[in-house]
Amino acid sequence: MYKKLNTVIVKHPKEAFISQEHLRSEWKKFNYISEPDYMKAQQEYEQFLSIIKKHVGQIKFLPVSEKAGLDSLYAHDPVKFTKKGAMILKSGKKLRQPEAEIYKEFLQEKNIPILGELTGDAVADGGDLVWLDDRTLLIGRGYRTNDEAIRQIKEMTKEIVEECIVVPLPHDQGEEECLHLMSFISIVDENLAVVYSRLMPVFLRQMLLKRGFQLVEVPDDEYQRLGCNVLAVAPRICVMVSGNHQTKQRLLDAGATVYEYEGNEISYLGTGGPTCLTCPVERV
């Protein structure tokens, strides 16, 4: 989650949002906070992309698809990458489930390896899967990821994962709101994590401290503005939504470099920060 990001998959809001008219008819269905501004969304995304381009060697863009909705902007969730290739997931948000098949076709076209895919009743979002290190996988068990998915993911990754730790997620704001494991933890170096401790199970917080992690605590108001959603493009090289001043300062105090982008339209309104906007394919 923190090594140098070499290859990433993203989706431009031009392909996800389509037009202002499309946004107007769809934003309530997808449970956005309010209707995003199509032109501003593109401007914000170009600012975000300019940061990514400075640090990432290869950027692959998902194509437009009639089967995908507004949330396809958040390219992280339909798949999760391992050393052996991608796990094709199936979102716990039904409106997002068609994205998995689109993603699978895209990966096959690009000759990117696929490790396996969820079947049957299994549902999981990429935002519930956190690599604590190369051999340790955290899986959030909540409304978006169920027990059958956890069973299948454990089976898929048994050759590459030594320890798979299931993290029970709280009800928080309810089933319709998006709470992922990555909503309250971002790993930005081998021993540095940005966290919102109020939502963390005690065992997880204690485990991180025991493993030597320094925790950058996010205040309540900045958690609401996606302050806990921090993308590492390299160890301690961080990307976050602008306006989260205390979290930014705490990262700087921890020796991190912080890049910011305006993210009201592309991040806050759809509750998807920089980790959600990017699907890391390869880190080195």
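**Exercise 1.** In what order do the 3 strands of the open sheet stand, and which of them are at the edges?

*Solution.* Step 1: in this predicted model, the strands of the open sheet follow the order 2-1-15, with mixed pairing. Step 2: look for strands with a single partner; these are strand 2 (58-61) and strand 15 (279-283). Step 3: each of these two strands has one side without a neighbour in the sheet, so both stand at the edges. Step 4: now look at the twist; on average, neighbouring strands here are turned by 20° against each other, direction ignored.

**Exercise 2.** Work out in which sense strand 1 and strand 15 pair, and which helices pack on the sheet.

*Solution.* Step 1: find strand 1 at residues 5-10; 4 bridges link it to strand 15, and the sense is antiparallel. Step 2: check one position, where I9 has C279 of strand 15 opposite. Step 3: turn to helix 3 (residues 38-55), which packs on the sheet and touches strand 1 and strand 2. The direction of helix 3 makes about 140° with that of strand 2. Step 4: helix 4 packs on the sheet too, touching strand 1, strand 2 and strand 15. Its direction and that of strand 1 make an angle of about 135°.

**Exercise 3.** Do strand 4 and strand 5 run parallel or antiparallel, and through which helix does the chain cross between them?

*Solution.* Step 1: strand 4 (residues 85-88) and strand 5 (residues 114-117) are joined by 3 bridges and run parallel. Step 2: for one position, find M87, which stands opposite G116 in strand 5. Step 3: follow the chain from strand 4 through helix 4 (residues 99-109) to strand 5; this β-α-β crossover is right-handed.

Notes:
Residues are numbered from 1 along each chain as its sequence is written. This is a predicted model: local features need pLDDT of at least 70, side-chain atom pairs count only at pLDDT 80 or more; totals for chains, interfaces and linings use all residues. Side-chain values use heavy atoms; hydrogens and water are left out. Two strands pair if DSSP finds at least two bridges between them. A crossover is right-handed if, with the strands pointing away from the viewer, the path from the first strand over the helix to the second runs clockwise. Axes are lines fitted to C-alpha atoms, for helices over the stretch in contact, and angles run from 0 to 180 degrees between N-to-C directions. Contact means heavy atoms within 4.5 Å.
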